[in-house]
Amino acid sequence: MTAASYPVVRCDGDDCGAETSHPQAETVTQVRILRRGEGWRNRPGGRDICPDCWKDDRR
Ligand SMILES: [Zn+2]
């Protein structure tokens with residue numbers, strides 16, 4: 001068990017499970033903002049979608 005705790009955003013696309021985090025993020029909200037430039041999206045209702053799922057229309 002690691003003592004390090006950091007926010008992780010997990011993709012809610014079907015059968016995906018991709019995760020992202022960011023070294024400068026202290027909250028999941030900051031992860032979403034920092035990763036938006038890479039294509040991560042946050043859908044209404046709180047679903048997070050990774051760039052691959054977004055591109056494949058698995059929203
Ligand atoms: Zn995904």
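The chain has 2 helices and 4 strands, and going along the sequence these line up as β-β-α-β-β-α. The model is a predicted one, so confidence is worth a look before the details. Mean pLDDT for the chain comes out at 90, with 93% of the residues at 70 or more. Strand 2 gets the highest confidence, at 97, while strand 3 (residues 41-42) gets the lowest, at a mean of 94.On overall dimensions, the C-alpha atoms fill a box of roughly 35 × 25 × 20 Å along the principal axes. The radius of gyration is 12 Å, which agrees with the value near 10 Å that a compact globule of 59 residues would have. Buried residues make up 15% of the 59 residues in the chain. As for how the chain meets itself, take the contacts with a separation of 6 or more: 33% of these join residues 24 or more positions apart.

Then there is the inside of the fold. The largest nonpolar core holds 7 residues, namely Val9, Cys11, Val31, Trp40, Ile49, Cys50 and Cys53. Cys11, one of these core residues, has quite a list of partners once residues up to four places away in sequence are left out: Cys16, Gly17, Ala18, Asp48, Ile49, Cys50 and Cys53. Among those partners, Ile49, Cys50 and Cys53 also belong to the core.

Thr20 offers another view of the core residues. This threonine sits in strand 2 (residues 19-20). Leaving out residues up to four places away in sequence, Thr20 touches Val9, Val31, Arg35 and Trp40; Val9, Val31 and Trp40 are also listed in the largest nonpolar core. The pairing with Trp40 spans 20 residues in sequence, and the C-alpha to C-alpha distance is 8.9 Å. Thr20 itself counts as partly exposed because it has 19 C-beta neighbours inside 10 Å, and the buried class begins at 20.

Asp15 is a rather different story to tell, starting with its backbone. Its phi is positive, at about 55 degrees, although Asp15 is not a glycine. The residue lies in the loop between strand 1 (9-10) and strand 2. Asp15 is classed as exposed because just 7 other C-beta atoms fall within 10 Å, where 12 or fewer is the cut-off for that class.

Technical notes
Residues numbered from 1 in each chain as written. Predicted model: local features only at pLDDT ≥ 70, side-chain atom pairs only at ≥ 80, totals over all residues. Core = buried A, V, L, I, M, F, W, Y, C linked by C-beta atoms within 7 Å. Contact = placed C-beta atoms within 7 Å. Rg over C-alpha atoms; globule rule 2.2 N^0.38 Å. pLDDT = per-residue confidence, 0-100.
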